[in-house]
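This report describes a single protein chain, moving from its overall make-up to its interior and then to a few individual residues. The sequence and the model are shown first.

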Amino acid sequence: MPSTKPIPASLEPLVGYFQQLESRATVSELQRRLDGLDIQMQELEHLAIFDDAVYRRNLVFECDWAEVLLICGKSGQRSPIHNHAGSTCGFKVLEGTGVETVFDVSPCGQVVANSSNEMPPGYVCASQDADIHQVSNLQADDQSLITLHIYSPPLRRMDMYSITGGSVEKYTPTNFEHTGGSGI
Ligand SMILES: [Fe+2]
């Protein structure tokens, strides 16, 4: 389902790169392009839509080998603990300070937190496949977290983990515009 929304001018070089891809982008390439991306929130204001219940995934662009989402989270909203089975993922913090927690799989099969780090505006994170993490907005009150996410290819399946058990839940994200949480 190709996106028909006008693309903000600052994203045009990135979108041009995605449109000529014939295989998935590498972690290092996504990291490099997001590091070099100079975009102001004013360009994406019309896509910055929030949900009171869960963080919200707002579709910016989609093609065969990549999708771009503006993910908006209110204070206290968190992604599930998840991997990116089959996709390369990269994101840049545009507004607010997020927290990324990285998890390992313990010998008994349950996940265990390895480390957490704060992600201020401009921070770029890239991961792929079996990497397990959680992204949270732990800021106080009404402070928002807005990140620009890229998946290559578009994220169509992922595993979700529980901190209180060993079961792994398979999840297939829907990719309709303005869907709710589950993913990132
Ligand atoms: Fe993720």
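## Overall make-up

How many helices and how many strands does the chain have? In this predicted model, the chain has two helices and nine strands. Followed along the sequence, these elements come in the pattern α-α-β-β-β-β-β-β-β-β-β, with the two helices ahead of the nine strands.

The chain has 184 residues, of which 34% count as buried. Among the contacts with a separation of 6 or more, 74% are between residues that lie 24 or more positions apart.

## The largest nonpolar core

The largest nonpolar core holds 30 residues, and the members that touch the most other members are V60, A66, V68, L70 and I150. At least two residues of this core are supplied by each of helix 1 (12-19), helix 2 (27-35), strand 1 (56-63), strand 2 (66-73), strand 3, strand 6 and strand 7. Strand 2 gives the largest share, with six residues.

## Strand 7 and its partners

Is strand 7 largely enclosed or largely open? Strand 7 is largely enclosed by the rest of the structure, because eight of its eight residues are buried. In a regular strand, side chains alternate between the two faces of the sheet. In strand 7, L145, T147, H149 and Y151 point one way, while I146, L148, I150 and S152 point the other way, and all of these residues are buried.

Which way do strand 2 and strand 7 run relative to each other, parallel or antiparallel? They run antiparallel and are joined by seven bridges, and within this pairing G73 has L145 of strand 7 as its bridge partner. Strand 3 also pairs with strand 7 in the antiparallel sense, over seven bridges, and here T88 stands opposite S152.

## V93 and R78: links across the sequence

V93 lies in strand 3 (residues 81-95) and counts as buried, because it has 21 C-beta neighbours inside 10 Å, where 20 or more are needed. Although V93 and L145 are 52 residues apart in sequence, their C-alpha atoms are 7.6 Å apart in space. Once neighbours within four places in sequence are left aside, the contacts of V93 are G98, M119, P120, P121, G122, Y123 and T147.

R78 is located in the loop between strand 2 and strand 3. With 19 C-beta neighbours inside 10 Å, R78 counts as partly exposed. The C-alpha atoms of R78 and Q134 are separated by 7.2 Å, although the two residues are 56 residues apart along the chain. When residues up to four places away in sequence are not counted, R78 touches Q134 and S136.

## Two backbone features

Most residues other than glycine have a negative phi, and most peptide bonds are trans. Two places in this chain depart from these patterns.

D141 is not a glycine, yet it has a positive phi of about 50 degrees. This residue sits in the loop between strand 6 (124-136) and strand 7. D141 is exposed, with 7 other C-beta atoms within 10 Å.

Which two residues does a cis peptide bond join? The cis bond joins S152 and P153, with omega at about -10 degrees. P153 belongs to the loop between strand 7 (145-152) and strand 8 (158-161), whereas S152 is one of the buried residues of strand 7.

Methods. Residues are numbered from 1 along each chain as its sequence is written. This is a predicted model: local features need pLDDT of at least 70, side-chain atom pairs count only at pLDDT 80 or more; totals for chains, interfaces and linings use all residues. Helices (H or I, at least four residues) and strands (E, at least two) are DSSP runs, numbered from the N terminus. A residue is buried if 20 or more other C-beta atoms lie within 10 Å of its own, exposed if 12 or fewer, and partly exposed in between; C-beta atoms are placed from the backbone. Two residues are in contact if their C-beta atoms, placed from the backbone, lie within 7 Å. A nonpolar core is a set of buried Ala, Val, Leu, Ile, Met, Phe, Trp, Tyr and Cys residues joined through C-beta atoms within 7 Å. Two strands pair if DSSP finds at least two bridges between them.
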